[in-house]
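Got the viewer open? Let's walk through this one, selection by selection.

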Amino acid sequence: MIAIATELPPPPAPALPVPDFPVTWDDPADARLAWTFDKVHWPDPMPPLVFAVAGEALARGLTRASQAQERPIAAIRVRHINTYRYQAIVPVEAPPEEVALYGVRAAGQLRADMGRLGERWSDEWMPEIQAHLAYWEGFDLAGAAPPALLSHLDATLERITRLWEIHFLLAAPMYAAIRQFGALYQEIFEGQGVLDAYRLLQGFPNKTMETGQALWQLSRRLPASPVVLAAFAGLPAAEVIPALERSPEGRAFLADLRAYLDAYGRRGDSWSLDTPSWIEDPRPVITSLKEYITQPDRPLLDELAVAAEEREALITTARARLQGYPRPVLHEFEFLLKAAQVATVLSEDHNFWIDFRSMYEVRRVFLECGRRLMAAGALDQPDDIFYLTIDEVRADLVRTGRRPRQALVAARRAEIAHFCAVTPPPVLGTRPPQQGKHDALGRAWANFAGTEKPTGQEPGILRGTGGSPGCVRGPAKIVRSPADAGKLRPGDILVAPATTPSWTPLFVTAAAVVTDTGGILSHCAVVAREYRIPAVVGAPGATDLLADGQMVEVDGRSGLVRVVVPAS
């Protein structure tokens, strides 16, 4: 889920300037917009070619989706400011009464979209996604002449724009359905919280859970071969595959591993296109397998099936309690229950197919362009291509005498390294109070990304959002990227800046999860509820304030993290 709120309510309140983050507004009108920084998806500096997709193409797709949903938006705009990605909306210029009509039409459209989410996904959007994937898979990247590769690059950008449009046509009704069901459940059943409501949405198969379950099942085959087991148990992750290739048993298991990567490995550990996918660099998968073999066997699939049984029992109980309620209440409960259940599945499936599987194909196109420019002497390595702009790539693909780009790449790498040490402001330009309060996608974004918490913390206590119920104690392990995942052991508390769906294999090991960012509908919270482990999301500074090995207590219902034993 990637979104932005869509209001600029008066009066304007200019955001305070930051001395080490200079901003120049080429157009004075830009200073009157709210330029927001998405710390959940893209917390790090963004190379120019990544910005062409996660910035410009995304903004075009979001603009099209917003207009199709009758929202009062003229355009979504993005800017690459000091290497960070910022996004703003340009509202329609219309009289207040006309803007109010937009709201009425958008609400009606949202309701209709909520009711046909599953149908549109299965009958319309998923077939189109598969057609785009078939287009990319059927193109001979290595054999294409430069003009054909350039045309393919342009077609790729247009196709990915369309996929972002599908992404956001789905996003608002998807998260609205879950949020509205939670609100209705709390209103009907006194004393019940939103996490109680979400138990009626759990236990449905989705691609994120399937990815984790398949990896666990693969790990259960490791002990069958002492040679394979020894490779995983005794070698660093980078040396496991070469060792497997030296024995028949190793090659047999390697075939299974490659089948897993072929099915699930076209995803990386972040949303950024400049990071390799698992199929390119399987070390994160191997690290998870190395950890899994230290764990006793457990019926993971049966454990997860319990959530489905519990769901059906809770639904039966809820329907029994609703007997005698007015028919409109019963209808609304059933409508929102069905819509929210579908939406919970799609919250993970759309990410698998659009945010990762499709973006992997875009990465392949970019890397082929990089290989061409490296062969021509313009770049030192293929992934230097990410430090060029899309216009520079277009020009260099067809230029007979390609100019050297090494100095330009080095300068942009240095710029990114500089701004890595700078904390980007959350808002630039004009800071609107309660941005997006009355907008469906704005509310969805707040549920996904969370909201700012008070900076003041009680000694020994971190406050966040309760993402998955339960209360456990364990040693904190700070995992800033899956490269650190090897430190995680059963019973540990996974503490991370955020978790993408690709981090799901770690949830098998962790006793609880704590993140710096995120809301109750973030991927972390959704997956934690499926694995039935406590989660506190959106606890600012958790990765800095907690220390490795520090004993903490995680209360996933109240959103509190308590330090049991202070760090020495």
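Select C471 and show its side chain: the closest cysteine sulfur belongs to C524 and sits 16 Å away, too far for a bond. A disulfide here would need the two sulfur atoms within 2.5 Å. This is a predicted model, by the way. While you're on C471, turn on a surface: with 45% relative accessibility, C471 counts as partly exposed.

Now jump to C524. Looking back from this end, the closest cysteine sulfur is that of C471, at 16 Å, so again too far for a bond. Is C524 buried or exposed? C524 is buried, at a relative accessible area of 3%. Widen the search to the whole structure and you get zero disulfides.

Next, select the whole chain and switch to cartoon. You'll find 17 helices and twelve strands. The radius of gyration is 24 Å, close to the 24 Å from the globule rule for 568 residues, so the chain is as compact as a globular protein of that length. Reorient along the principal axes, and the C-alpha trace spans about 80 × 70 × 55 Å.

Color by burial now: of the 568 residues, 54% are buried. If you draw a contact map, look off the diagonal: among contacts with a separation of 6 or more, 72% join residues 24 or more positions apart.

Bring the surface back for the whole chain. The accessible area comes to about 23300 Å², and carbon and sulfur atoms own 56% of that.

Last stop, charges: select the 58 positive and 67 negative ones, and their mean positions turn out to be 1 Å apart.

Definitions and conventions. Residues numbered from 1 in each chain as written. Heavy atoms only, no water. Helix = DSSP H or I, 4+ residues; strand = E, 2+ residues; numbered from the N terminus. Rg over C-alpha atoms; globule rule 2.2 N^0.38 Å. Buried < 20%, exposed > 50% of the residue type's maximum accessible area, 1.4 Å probe, protein only. Contact = heavy atoms within 4.5 Å. Areas by Shrake-Rupley, 256 points an atom, 1.4 Å probe, with all protein chains shown as cover. Lys, Arg positive; Asp, Glu negative; His and termini not counted. Charge placed at Lys NZ, Arg CZ, Asp CG, Glu CD.
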